[in-house]
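Let's take a walk through this one together, stopping at a few spots along the chain. Keep the viewer open as you read.

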Amino acid sequence: MADRLENAWVALEPMALSHVPALEQAAADGNLWDLWFTTVPAPGLMTAYVEKALRGQVEGRMTPWVVVEKASGDIVGTSRYYDITPDPYRLAIGYTWYARRWQRSHLNTACKHLLLDNAFQNLGVVAVEFHTDAYNQDSQKAIERLGAKREGVLRAHKRREDGSLRDTVCYSILATEWPDVDKWLQLRLKRLTA
């Protein structure tokens, strides 16, 4: 079971079935399921989404959290570790989405800083990866703002929910890069929350 992670702006709570109603409400802020290049579940499908994430956790393939905006206490989205590989120890951060009102705010930087710091400082990974659909330009820009390096594109890599094939854009941050990325993210958070 994952531990709760938190900073001044967000808390990441281990995902549970009890979070389904709040996640449905967060996804409804902007009808996030309408973006065909994301994996935000449509109305009525959140329970299956959470159950699948929890199965992945039991199998040791992922660690899912819900994102709590601390000032309001509202659950505003989700993120997780996935593609966990033991040797060399690395993982990906993804399945991240936020209610529309929190997109392009300090929230993503605060959330990713928590996840990255935990991965490098507590878990001891050698690298953290990020993957996104080639059509998800907003996600690519957000990942680049974190300080991740673009590695390339895996063409016809995965199936989207609608069955079409997606090209996956890959990014990473290495453990040796984390001290500078950490400083950069802390500076960004100061600027975004000033």
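Where is the place of D83? It's in strand β4. Bear in mind as we go that this is a predicted model. D83 is worth a look for its backbone: phi is positive, about 50°, although the residue is not a glycine. Most residues other than glycine have a negative phi. As for its surroundings, D83 counts as partly exposed because its relative accessible area is 40%, which falls between the 20% and 50% cut-offs.

Now jump to strand β7, where you'll find A156. Here too phi is positive in a residue other than glycine, with a value near 50°. A156 is partly exposed, at 47% relative accessibility.

Back to β4, which covers residues 74–86, and on into the loop between it and β5 (89–98): that's where P88 sits. The peptide bond leading from D87 into P88 is cis, with omega near -5°. For context, most peptide bonds are trans.

Helix α2 (residues 46–58) holds our next stop, Q57. Is Q57 buried or exposed? Its relative accessibility is 18%, so it counts as buried, the cut-off being under 20%. Q57 also pairs up with Y82 across the sequence: 25 residues separate the two along the chain, and their C-alpha atoms are 8.9 Å apart in space.

A148 belongs to the loop between α4 (137–145) and β7 (149–159). With a relative accessibility of 8%, A148 is buried. What is A148 in contact with, leaving aside its neighbours within four places in sequence? The list is F130, I143, Y171, S172 and I173. Measure out from A148 to E177 and you get 9.2 Å between C-alpha atoms, for a sequence separation of 29 residues.

Last comes helix α5, residues 178–193. Its 16 residues, at 1.5 Å each, should span 22 Å, and the end C-alpha atoms are indeed 22 Å apart, so the expected and actual spans agree. Look down the axis and the buried residues of α5 fall within an arc of 125°, which means that they line one face of the helix. Those buried residues are W178, V181, D182, L185, R188 and L189, and they pack against α3 (107–123), α4 and β8 (165–174). Swing round to the other side of α5 and you meet D180, K183, K190 and R191, which are exposed.

Key. Residues numbered from 1 in each chain as written. Predicted model: local features only at pLDDT ≥ 70, side-chain atom pairs only at ≥ 80, totals over all residues. Heavy atoms only, no water. Helix = DSSP H or I, 4+ residues; strand = E, 2+ residues; numbered from the N terminus. Buried < 20%, exposed > 50% of the residue type's maximum accessible area, 1.4 Å probe, protein only. Contact = heavy atoms within 4.5 Å. Expected span 1.5 Å × (residues − 1). Arc of directions from axis to C-beta.
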